[in-house]
Amino acid sequence: MTPASISAPDAAGRAPRVTLARTPDALTVRLGGSWRLGPGIPSPEPVYREIDALPPARIAFDARQVADWDSGLVAFISTVLRQAAERGIAVERSGLPDGVQRLLALAETVPERKTREAESRSSWLARVGTRALDTAASAREILRFLGEVIQALGRLFRGRARLRASDLAQIMQECGPNALPIVSLISFLVGLILAFMGAVQLQKFGAQIYVADMVAIAAAREMAGMMTAIVMAGRTGAAFAAQLGTMKVNEEIDALTTMGISPIDFLVLPRMIALVLMMPLLTIYALVVSIVGGGFVSIVLLGLDVGPYVQHTRHALTMHDIASGLFKASVFGVLVAVAGCLRGMESGRSAAAVGLAATSAVVTAIVMIIVAEGILTVVYNALGI
Amino acid sequence: MPSGSSAPAPVEVRGVTIAYGSFVVQRDLSFDVKPGEILVIMGGSGCGKSSLLRVMNGLVAPAAGDVLITGKSLWQTDDEGRQRLMQRFGMLYQMGALWSSMTLLENVALPLGEFTDLTPAQVREVAALKLALVGLAGFEDFSPSEISGGMRKRAGLARAMALDPDILYLDEPSAGLDPVSSRLLDDLILSLRDSLGCTVVIVTHELPSIFGIGDSAVYLDAETRTISARGNPKQLLEECRDPKVHAFLTRSQPGAAPS
């Protein structure tokens with residue numbers, strides 16, 4: 001006989017107890033106290049150690065001292081049973097409370113089902129290959145989506161696309177006028193920052209008045225369009241992806257397809273058109289607000305006069321700058337709409353997947369905006385625009 | 001191709017295998033749906049019933065096999081040909097799948113406006129009639145979020161019936177409904193079938209529906225991954241020797257009957 005006792009702490013003094021007692025052929029696990037999940041149950045480690053030290057022919061339980069129990073006791077017993085089964089040791093269950101025996105039997109009636117065909121772990125080379133093929137497939141997916149959108153545009157111009165004017169108006173309202181407050185704030189701050197940064201440098205040459213030129217040109221050519229696009233990516237692109245993703249979860253997109261109505265015509269096209277129409281307008285607005293922001297800094301904080309500032313701004317700003325900025329903005333509008341709609345349409349069918357689609361729409365849009373900005377800047381430069 | 005003198009069945013499933021990647025859900029399924037009958041696709045959860053329905057209604061391509069709609073191939077044809085066949089289907093989705101940005105009337109009116117030459121006033125008229133048929137008269141201007149689940153199902157049914165389809169697919173129409181609503185929906189399906197004469201394919205595991213309205217049934221087995229029984233549900237209950245089918249139809253433990 002080698003008695004050993006372990007217990008979990010319990011202030012009430014009715015802590016669950018495990019006492020091990022050996023007879024020549026059996027190991028008896030004596031259980032006592034209150035076995036409840038809440039206060040915690042003892043680790044079965046000591047039982048395993050005892051089994052491993054000298055494997056008994058069989059294991060028996062004695063639960064007469066157990067005051068009360070819940071599934072904590074069942075879990076403890078079932079881990080001991082599994083260990084015993086692995087080591088090929090017979091277990092005598094008759095010493096357990098009836099309820100525990102019934103629960104154990106219940107847990108064992110249904111054998112663990114193999115829910116998936118075993119996926120053999122492939123070599124890293126195969127994994128790299130699969131990943132590369134996946135990437136290629138996703139690139140093809142984007143191209144296919146763009147192709148479908150262009151076809152849908154073709155149908156629209158031939159007057160055959162199924163597009164609801166009321167949907168288009170509502171989406172335009174959402175991504176145009178409703179975005180004005182946030183666009184105002186961002187543009188004002190961008191103008192303000194540009195003016196501050198420029199003023200510090202230009203002051204060294206005594207050329208502070210050129211802050212006006214700098215703000216106007218920078219905002220018109222780059223900042224107004226890009227900041228508006230980034231705001232729209234976070235605001236509207238994510239909304240598009242979430243709307244379309246949710247429609248996918250609700251099988252609304254399937255319902256359109258089975259009705260023979262193209263989801264591209266019906267859902268994607270109005271969103272793209274709305275954003276492409278609204279982006280240049282928002283950009284013009286952002287440009288004006290940026291100039292006001294720059295002017296605010298220059299006039300109120302740097303003490304420049306209003307007259308010369310306005311004059312310089314009007315002198316610096318050419319139609320050329322504005323047009324090239326607006327072209328960029330339109331391109332960004334297409335990109336944001338494509339990213340949002342694409343990610344929404346390829347979203348999975350769960351709440352988590354819709355969240356991922358929205359995130360992915362924003363990331364995709366911002367990456368595409370920056371890449372397009374780079375390409376367009378190089379092209380403008382090469383063409384001398 | 002019409003074979004002999006008999007007209008081809010409205011729906012023929014020919015050797016269809018459904019797989020997600022390398023995971024085969026069901027393999028080599030073949031059965032016919034006769035004109036005007038209500039066929040029940042039954043089976044335990046996750047056996048691929050809804051996936052089969054998506055293959056039959058043209059949404060998801062099968063890994064192998066084909067579906068013939070009155071003898072015309074649904075999957076060995078181009079997108080346009082498939083689209084033409086799909087216009088003959090009506091489909092009720094599990095949760096109704098009503099377009100959430102539109103009212104009930106607009107939901108039913110949309111397919112009518114798209115595929116008929118009716119005037120807008122006539123479209124409204126017909127759509128209102130369809131809603132009245134499913135007991136939703138007076139709810140025309142409600143949006144899907146303002147009505148109960150059972151009403152959404154009925155509105156979905158009205159939309160599926162909008163164009164008087166030849167073939168009506170219903171994905172678990174009574175799931176999530178109380179017994180009375182579920183019974184009412186079954187009666188509605190029966191009377192719509194009887195009056196409009198369409199062929200109905202229902203995916204369900206509700207026993208009262210299966211026995212109440214099923215003219216014939218196929219049982220998809222999740223383990224053998226194919227059809228393990230077919231026939232009239234009441235006859236299957238009497239005669240089928242497959243213990244799993246028997247257990248399914250009697251709501252008992254599998255293995256209770258001898259295998």
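**Helix packing, chain contact and nonpolar cores**

Helices H7(A) and H10(A) lie oblique to each other, because their axes cross at roughly 45 degrees and angles from 35 to 65 degrees fall outside the ranges for roughly parallel and roughly perpendicular. The model described here is predicted. The points below treat this helix pair, the contact between chains A and B, and the nonpolar cores.

**The pair H7(A) and H10(A)**

- Helix H7 of chain A covers residues 211-249, and helix H10 of chain A covers residues 306-316.
- The axes of the two helices come within 8 Å.
- H7(A) passes H10(A) in a right-handed crossing.
- On the H7(A) side, the residues that meet H10(A) are Ala212(A), Asp213(A), Ala216(A) and Ile217(A).
- Their partners in H10(A) are Tyr309(A), His312(A), Thr313(A) and Ala316(A).
- Sorted by class, this contact comprises five nonpolar, two polar and one charged residues.

**The contact between chains A and B**

- Chain A contributes 13 residues to the contact, and chain B contributes 17 residues.
- The side of chain A that touches chain B has six charged, four polar and three nonpolar residues.

**The nonpolar cores**

- The largest nonpolar core has 148 residues, of which Val215(A), Ala219(A), Val336(A), Ile41(B) and Val201(B) touch the most other members.
- H7(A) supplies the largest share of this core, 22 residues.
- Beyond its neighbours within four places in sequence, Val336(A) is in contact with Ala229(A), Met232(A), Ala233(A), Thr236(A), Gly237(A), Leu275(A) and Ala365(A).
- Another core, of 21 residues, lies apart from the largest one and includes Val18(A), Val47(A), Ile77(A) and Val100(A).

Definitions and conventions: Residues numbered from 1 in each chain as written. Chains lettered and ligands numbered in written order. Predicted model: local features only at pLDDT ≥ 70, side-chain atom pairs only at ≥ 80, totals over all residues. Axes fitted to C-alpha atoms, helices over the stretch in contact; angles between N-to-C directions. Helix = DSSP H or I, 4+ residues; strand = E, 2+ residues; numbered from the N terminus. Parallel < 35°, antiparallel > 145°, perpendicular 65-115°, else oblique. Left-handed = near helix turned anticlockwise from the far one by under 90°. Contact = placed C-beta atoms within 7 Å. Nonpolar A, V, L, I, M, F, W, Y, C, P; charged D, E, K, R; others polar. Core = buried A, V, L, I, M, F, W, Y, C linked by C-beta atoms within 7 Å. Buried ≥ 20, exposed ≤ 12 C-beta atoms within 10 Å, placed from the backbone.
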